[in-house]
Amino acid sequence: MSQPKTATHCPYCAMQCGMNLTQHEGNWVVEARDFPTNRGGMCRKGWTSVALLESPQRLTSPLLRREKDAPLQSVSWDEALDFIVGKVEQIQDKWGRDAVGVFGGGGLTNEKAYLLGKFARVVLKTANIDYNGRFCMASAAAAGNKAFGIDRGLPFPMQDIAQADAVLLIGSNIAETMPPIMQWFEKLRENGGKLIVVDPRATPTAQNADYHLQITPGTDLVLANGLLHIAIEEGLLDEAFIATRTTDFECARRAVASYWPARVERITGVDEANLRDVTRLLARANSMFLTARGAEQHANGTETVLGFINLALGLGKAGKFYNGYGCLTGQGNGQGGREHGQKADQLPGYRKIENETHRREVAAHWGISPDELPRAGKSAYELLDSMGEADGLRALFVMGSNVAVSSPSAGKIRRKLAALELLVVSDLFLSETAELADVVLPATQWAEEQGTMTNLEGRVLLRNQAKTPPEGVWSDAQFLNALAKRWGQGERIPSEPRVIFDELRRVTKGALADYSGITYERITQNKGVFWPCRAGYDDTPRLFHDRFAHPDGRARFHDVQFFGLPEEPDTEYPFFFTTGRVMSQYQSGTQTRRIPELNAMSGPPFVELHPDLALEMGISEGDMVRVTSRRGSATGCAKISDGIRADTLFMPFHWGGHHSANLLTIPALDPTSKMPEFKVCAAKIEKATEVERDS
Ligand code: SF4
């Protein structure tokens, strides 16, 4: 017999597809909901998400490692929590409060992200909290704040995509990473619109585009400046828009003056005729510019995004209906996760931790003095890299993140994690990071708790609880509350999602990301509510129709220049190495690698290379190969494809152990967003040894 359906959302990406969960004859069944974004569509990850609801691999008891070389052993919650409290006190007494850090995740609900930020600053009193969104959307967020005065991934509803005449999609393989979004692009094509994809690889998204600009990895900013140069040269600018809605155009004009088409062709590999065609196409009415990780995960990611925003503003394509600039956020709650205080430099509601007014406002809500509120801490990679260093971390709490796989230079980070005096990891499964921990806490998964998520459009959604968690499993809010109680601060850290959300609403009132008018009931009635939404007011599906969010209402142009890559191929490491995703795995794979159907789809970890390069190296399809950079090596099966440039190697980053692409990546950080360079470094490729083949 079927049980009642629970309306919820997929546990994975920022599409947050609407789904119903129910049980039929004891088995969990998922069906796609007719939600405004996915409209009945889901990808295999969503369809198979219920496979983990009764997984025998779930952690159901806290695990404790009493000595560094001892194994993890099952203990009671009391024992685990007492151990944590004792260690934290010891470490903070010896090394200071900031020696304890907190690392959150873009998959946590808004409630948990908010609570984690408060717990870090009010209970642990540490400045050092950041989250894995710093590895994901941070550059687009920084660029949005600079150019528009606010960061909301898409400042318009997803359905506007279908109404655009042309979309420039930079660095995204959405046909594989979020397939249901393709329905809006298909509608665009049916309406006569054109899709232009910028990507070093001929991905399924690029193969279906009207134009594929197969650029040299890492040269996206040169392309952006080159297109604006052509727009100026050919008189394609929207002068009225520039005059009335923007400032500082002259600095952008000067910045792109030297990006003449022949130079841009030489650096990017895109020929001049294509550059000109695309610029003219985009200059037509209603064009849209969407960036994703390919453009953003660079050491110059903020400037790269600003380059494309300059182009969108110059052509007058921002802030109007059915066109504009947006970022396609990746992680499930990448958007909400960066609004409510998980970031080192932020307080809830997108307030700034170094702004004295913001500090006073939040401190008043939290019942502390502004002086007690820590200042900005270290960004995600800096935080991890500080482990064990003189002024760095001695203890780390990790919630909903698998940094041993997702961090750049992962080999070094794994060694540092293992050497910490205290590593506490809260997760559903024994992830690669949890394997290194001193204390592992078994956490609830998405269908076992209620909470809100903010999708890539800034639409706040409600996940409802469909099942009770297994015995022994606690929600992160419960364990934070239990720890806070041990320090006499339990009343400050509530454990009920609705109570936390009501506090979040009060605290964000009047802030940039104002959630004060959003309630669970309103979300349910309206199929989501777009922030900002003040109590008693409508929500805000489109942000920039009348004005941008800077005090003068105008968007800003920026002077952005390309100064080369942090690491160029050379004789020792002759190829570009780039990382990305496949359709059937999600992020560091903690969940999806435990689903046989998804593993069968993705196949084993692989390295993609061009047939000419394979021939030169004597590599055949399926051979085990080793790719090596100055930071480490990873192995995978050779996948030979003429869709990749002959000078480039590609490896998805979903796998752990010696199959981790991030063993190679370079921790060169964007100076503004502190986003690491995940998309380009120099590498070499060889056939793996027999030992490596067998391991
Ligand atoms: S992974 Fe993303 S695109 Fe796929 S079903 Fe889930 S939310 Fe939708």
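Which residues are around the ligand? Select Cys10, Tyr12, Cys13, Met15, Gln16, Cys17, Met42, Cys43, Lys45, Gly46, Met178 and Pro180; a residue is taken as near a molecule if one of its heavy atoms lies within 4 Å of it. By class, this shell has nine nonpolar, two polar and one charged residues. Here Ala, Val, Leu, Ile, Met, Phe, Trp, Tyr, Cys and Pro count as nonpolar, Asp, Glu, Lys and Arg as charged, and the others, Gly among them, as polar.

Before moving on, note that this is a predicted model, in which local features need pLDDT of at least 70 and side-chain atom pairs count only at pLDDT 80 or more, while totals for chains, interfaces and linings use all residues. Residues are numbered from 1 along each chain as its sequence is written, and side-chain values use heavy atoms, with hydrogens and water left out.

**Stop 1: strand E8**

Select residues 166-170, which make up strand E8. Helices (H or I, at least four residues) and strands (E, at least two) are DSSP runs, numbered from the N terminus. Five of the five residues of E8 are buried, so the strand is largely enclosed by the rest of the structure. Buried means under 20% relative accessible area, exposed over 50%, and partly exposed in between, with a 1.4 Å probe and protein chains only.

Show the side chains. Ala166, Leu168 and Ile170 point one way, Val167 and Leu169 the other way. In a regular strand the side chains alternate between the two faces of the sheet.

Now add strand E9 (residues 194-198), which pairs with E8 in the parallel sense over five bridges; two strands pair if DSSP finds at least two bridges between them. Leu168 has Ile196 as its bridge partner in E9. Next add strand E12 (residues 287-291), also parallel to E8 over five bridges. There, Thr291 stands opposite Ile170.

**Stop 2: helix H10**

Select residues 249-256, helix H10, and colour Phe249, Cys251, Ala252, Ala255 and Val256, which are buried. They lie on the same side of H10 because they cover an arc of only 160° around the axis, the arc being that of the directions from the helix axis to the C-beta atoms. An α-helix has 3.6 residues a turn, so residues three or four places apart point the same way.

What do the buried residues of H10 pack against? Show helix H8 (220-233), helix H9 (239-245), strand E11 (246-247) and helix H14 (301-314) to see their packing partners; contact means heavy atoms within 4.5 Å.

**Stop 3: salt bridges**

The whole structure holds 43 salt bridges. A salt bridge is a side-chain nitrogen of Lys or Arg within 4 Å of a carboxyl oxygen of Asp or Glu.

Start with Arg44 and Glu597, whose side chains meet at 2.6 Å, N to O. This pair links distant parts of the chain, 553 residues apart: Arg44 is in helix H1 (residues 44-47) and Glu597 in helix H24 (residues 596-602). Arg44 counts as partly exposed at 32% relative accessibility, and Glu597 is partly exposed at 38%.

Go next to Glu449 and Lys112, a salt bridge with its closest N and O atoms 2.9 Å apart. Glu449 is in the loop between strand E18 (439-442) and strand E19 (451-454), and Lys112 is in helix H3 (residues 110-123), 337 residues apart. Are these two residues buried or exposed? Glu449 is buried, with a relative accessible area of 11%, and Lys112 is buried at 9%.

Then select Glu356 and Arg375, with closest N and O atoms 3.0 Å apart. Glu356 is in helix H16 (residues 356-366), while Arg375 is in the loop between H16 and helix H17 (380-385). Finish with Glu233, Glu234, Glu272, Arg276, Asp277 and Arg280, joined into one network by salt bridges that share partners.

**Stop 4: the E19-E20-E21 sheet and Glu471**

Show the open sheet of three strands, in the order E19-E20-E21, with antiparallel pairing. E19 and strand E21 (529-530) stand at the edges, each with a single partner strand, so one side of each is left without a neighbour in the sheet. E19 and E20 pair over four bridges, and Thr452 stands opposite Leu462 in E20.

From E20 (459-463), follow the loop towards helix H21 (476-486) and select Glu471 within that loop. Glu471 counts as exposed, at 77% relative accessibility. Its C-alpha atom is 6.7 Å from that of Thr60, which is 411 residues away along the chain.
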